[in-house]
Amino acid sequence: MTTLKTNNFAHRTISKIAVLGSGIMGSRIACHFANAGVQVLLLDIVPRELDAKEQAKGLTLEHPMVRNRLVNTALQTAIKGRPAPLYDKADASLIETGNFEDDFEKIADCDWILEAVVERLDIKQLIFEKVEKYRKPGSIVTSNTSGIPIHMIAQGRSEEFRQHLAGTHFFNPPRYLRLLEIIPGPDTDPDLVDFLMHYGDLHLGKTMVRCKDTPAFIANRVGVFAMSRIFQLVDELGLTIEEVDRLTGPATGKPKTGSFRLSDLVGLDTTHKVMAGIYQNCPDDEAKEGFVPPAYVEQMVEKKWLGDKTQQGFYKKTKDENGNRVILSLDLNTLEYRPNQKPQIPSLGAAKGIDDLGDRIRHLFHAQDKGGIFTQKSYLALFAYVSNRIPEIADDLYQIDDAVRAGFGWDKGPFETWDMIGLEKTLELFEAEGLTIGTWVKEMLAAGITSFYQVKDGQSCYYNIASKSYQPIPGRESFILLDNIREGNTVWSNSDASVIDLGEGVLNIEFHSKMNTLGQGVIEAVHRGLDHAEQHGYNGVVLANEGMDFSVGANLALMAMMALDQDWDELALAVHQFQQTSMRLRLASMPVVVAPHSRTLGGGCEFTMHADQVVAAAETYIGLVEVGVGLIPGGGGTKEFAVRAYDQYKNDGVVGNAVLFNYLLNIATAKVATSAAEARNMDILRPHDLVAINKDRRIQQAKAAALAMAEKGYTAPTVRKDIRVLGRNTLSTLYAGIAGMQFGHYASKHDGKIAQKIAFVLCGGDVSGENNVVSEQYLLDIEREAFLSLLGERKTLERIQHMLKTGKPLRN
């Protein structure tokens with residue numbers, strides 16, 4: 001149950017939600033509410049005929065299994081699907097299923113009724129007519145429509161119903177795509193909109209965008225325009241689909257799918273339908289004709305080459321004569337599939353060596369080859385289009401950026417990208433392209449304002465068109481954004497990390513090395529930050545950053561170089577220093593809170609496990625993955641699981657073999673938790689660790705946790721000397737299990753050797769007896785010895801070199 005209070009609204013409690021419709025969206029929306037701990041009633045239609053299995057069992061259409069077959073099948077398909085819609089599969093127990101005929105009256109017990117049926121106005125209106133018959137007064141009613149106007153859906157409903165009705169447009173998959181568009185109807189209670197905006201942010205982890213009730217709302221209106229312009233440019237410039245996907249992928253801060261692969265994932269029929277809808281329903285759109293699909297798109301739709309749903313679209317997966325999987329690409333001129341071609345665009349190749357996104361986009365925008373021409377033309381069209389959509393689809397420019405970033409996974413929205421390229425530098429280019437930008441942009445420039453955004457007093461501000469001045473972006477006052485405070489609050493930094501004052505006596509140690517790898521620069525920053533905090537009487541320290549990943553682990557290249565040079569003394573010192581850094585986090589004189597997010601691997605996981613408190617983003621993918629390069633966790637991670645095995649069972653006086661074997665399997669298979677909830681199940685996170693569903697709130701929550709511990713009176717722990725280990729007897733049992741895995745060909749000979757080293761540390765070494773008590777330092781010593789012995793192996797160096805070259809583990 002979740003309860004919250006907004007400034008403009010009385011208490012509103014969401015204990016139970018009804019989701020009407022169990023299709024791809026409905027079933028996954030239901031799962032995401034279960035992620036938030038809300039009870040869900042998921043309903044769908046009753047089948048009109050028996051399937052073969054039901055006939056074989058002699059069931060009738062009246063049997064409950066038959067009547068709920070569609071909803072149950074849809075939910076199970078969602079739960080088993082990838083990517084997983086649930087943080088923890090156990091949360092599926094929060095979802096009750098039923099059907100529209102037998103169970104509709106149960107919506108009277110629900111605080112929120114969310115419709116997610118087929119995108120047809122007549123069907124939605126029939127559903128809402130029935131909803132009004134059974135819902136309790138005051139309950140929230142929303143539609144997950146992707147473009148049908150809310151005022152049309154509301155026709156025929158009572159005034160009280162319309163006041164509690166809004167659009168809630170989730171993007172697929174709802175767990176992962178962060179955008180949630182809120183669309184008020186003409187009669188929607190404004191306080192209800194405020195509540196939905198706050199609830200989605202706090203409990204669903206969403207980037208919330210308030211939209212106007214216009215066709216396709218904000219994200220799809222802009223995103224589909226961008227796609228339609230690409231459809232035109234690929235013809236105009238003679239580009240291949242591979243070239244476009246590279247130019248519209250990570251090179252310009254967008255997902256690696258690029259444009260055409262994304263279309264295959266979404267379905268070309270969906271894109272085609274939205275384009276047609278905008279063309280028909282937006283007669284005053286100056287770019288209306290751009291939404292007319294080119295001939296090759298029409299032919300593909302006619303042939304049902306729609307993408308993944310029909311096994312072929314712009315790309316086609318097939319097998320060669322040897323049975324190997326190959327991906328073919330569509331030649332848009334001949335509409336025939338051909339082998340994939342590697343793009344040969346000089347500017348794209350040069351962009352690989354440019355780490356900074358702004359520098360990379362500027363490089364491509366001004367390049368003189370076809371990659372540069374494409375980038376410039378597509379961006380200029382996009383900039384002009386979004387400038388002319390205010391105030392039609394949104395009153396403020398940040399709403400458009402938020403929607404596009406969160407809905408399509410772009411690193412920067414259109415106005416943010418325009419700022420990166422330089423607003424003044426683009427003015428003459430629009431005229432050459434025959435494009436007209438919004439009058440308000442010209443007025444802004446005439447007033448001497450040359451950017452859409454600025455940071456003022458640590459706050460993100462946007463240019464507000466109505467007041468003609470910069471205003472704080474609403475909703476971000478509760479976030480700590482390191483980019484906004486770094487310049488004035490950095491107390492120490494090097495090229496890999498910074499120590500930043502968060503205020504109220506809390507320091508933050510931020511990594512910003514490449515992929516946030518943990519090398520000497522980061523190690524130094526951790527010690528410098530902790531030293532500064534202790535010397536100046538700080539209340540606490542937070543480890544957090546805003547990179548794509550928290551950390552992918554130790555700097556393997558440096559380690560491999562030392563091993564190849566056989567510089568064993570330096571290697572031993574480096575591993576010892578890493579271990580002592582983890583322990584320094586554990587033993588600091590003030591509270592240390594680690595706030596991981598996204599990939600938190602290897603050493604990043606080890607740092608996390610040594611914190612007093614963890615505030616993990618719900619989407620934290622964390623694990624000890626060193627086995628992938630032929631090593632065991634050597635920064636205190638293996639030691640820490642030996643400690644946790646004892647702590648978990650010390651109240652019973654027994655350390656369970658099954659627990660140790662489970663830990664062994666997790667480490668030996670380099671298992672990575674796919675959510676913070678799964679990390680808790682794996683004992684990477686402890687029961688008292690916290691989870692931030694909205695990762696943007698993570699640093700603020702970590703700071704609050706540090707202050708709370710300090711206020712209660714914090715006492716630093718000491719190195720433990722009370723850890724009971726099982727030694728030789730259990731070690732023999734684990735070795736037998738490892739031998740069984742090798743015999744069953746689940747592990748190679750070298751994998752078995754690594755697993756034995758892990759087991760050795762978990763059991764406290766080859767000690768005899770049942771009541772062996774050791775210290776943390778002892779466990780660290782045998783962990784380090786095992787790590788270094790493996791690093792000297794030829795096969796380990798081969799794995800490290802393979803990982804550095806390909807980014808993928810090698811099994812040998």
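How many cavities of 30 Å³ or more does the structure hold? In this model, which is predicted rather than determined by experiment, there are 5 such cavities, and the largest of them encloses about 50 Å³ of space. Its lining is formed by Arg28, Ala78, Pro83, Ala84, Pro85, Pro173, Pro174, Arg175 and Tyr176. Sorted by class, these lining residues comprise 7 that are nonpolar and 2 that are charged, with no polar residue among them.

Before looking further, it helps to ask about confidence. The protein chain has an average pLDDT of 93, and 98% of the residues score at least 70. Over residues 3-8, however, the pLDDT is below 50, although this stretch has 16 contacts in the model beyond its near neighbours in sequence. Where pLDDT is low, the predicted coordinates should not be read in detail.

A single residue, Thr608, can now serve as an example. Thr608 belongs to helix α25, which covers residues 603-609. Is Thr608 buried or exposed? Because its relative accessible area is 1%, and buried means under 20%, Thr608 counts as buried. Apart from neighbours within four places in sequence, the residues in contact with Thr608 are Phe550, Val594, Pro596, Thr600, Val614, Ile622 and Leu685. In addition, a polar atom of the Thr608 side chain lies 2.8 Å from the backbone oxygen of Gly604.

For a sense of distance, Thr608 can be set against Ile241: the two are 367 residues apart in sequence, and their C-alpha atoms are 42 Å apart in space.

Terms used. Residues numbered from 1 in each chain as written. Predicted model: local features only at pLDDT ≥ 70, side-chain atom pairs only at ≥ 80, totals over all residues. Heavy atoms only, no water. pLDDT = per-residue confidence, 0-100. Contact = heavy atoms within 4.5 Å. 1 Å grid on protein atoms, 1.4 Å probe; cavity = no way out; pocket = protein on both sides within 12 Å on 5 of 7 lines; lining within 4 Å. Points joined across faces, edges and corners; volume = space filled by probe spheres on them. Nonpolar A, V, L, I, M, F, W, Y, C, P; charged D, E, K, R; others polar. Helix = DSSP H or I, 4+ residues; strand = E, 2+ residues; numbered from the N terminus. Buried < 20%, exposed > 50% of the residue type's maximum accessible area, 1.4 Å probe, protein only. Polar contact = N/O pair within 3.5 Å; in protein donor to acceptor, adjacent residues only side chain to side chain.
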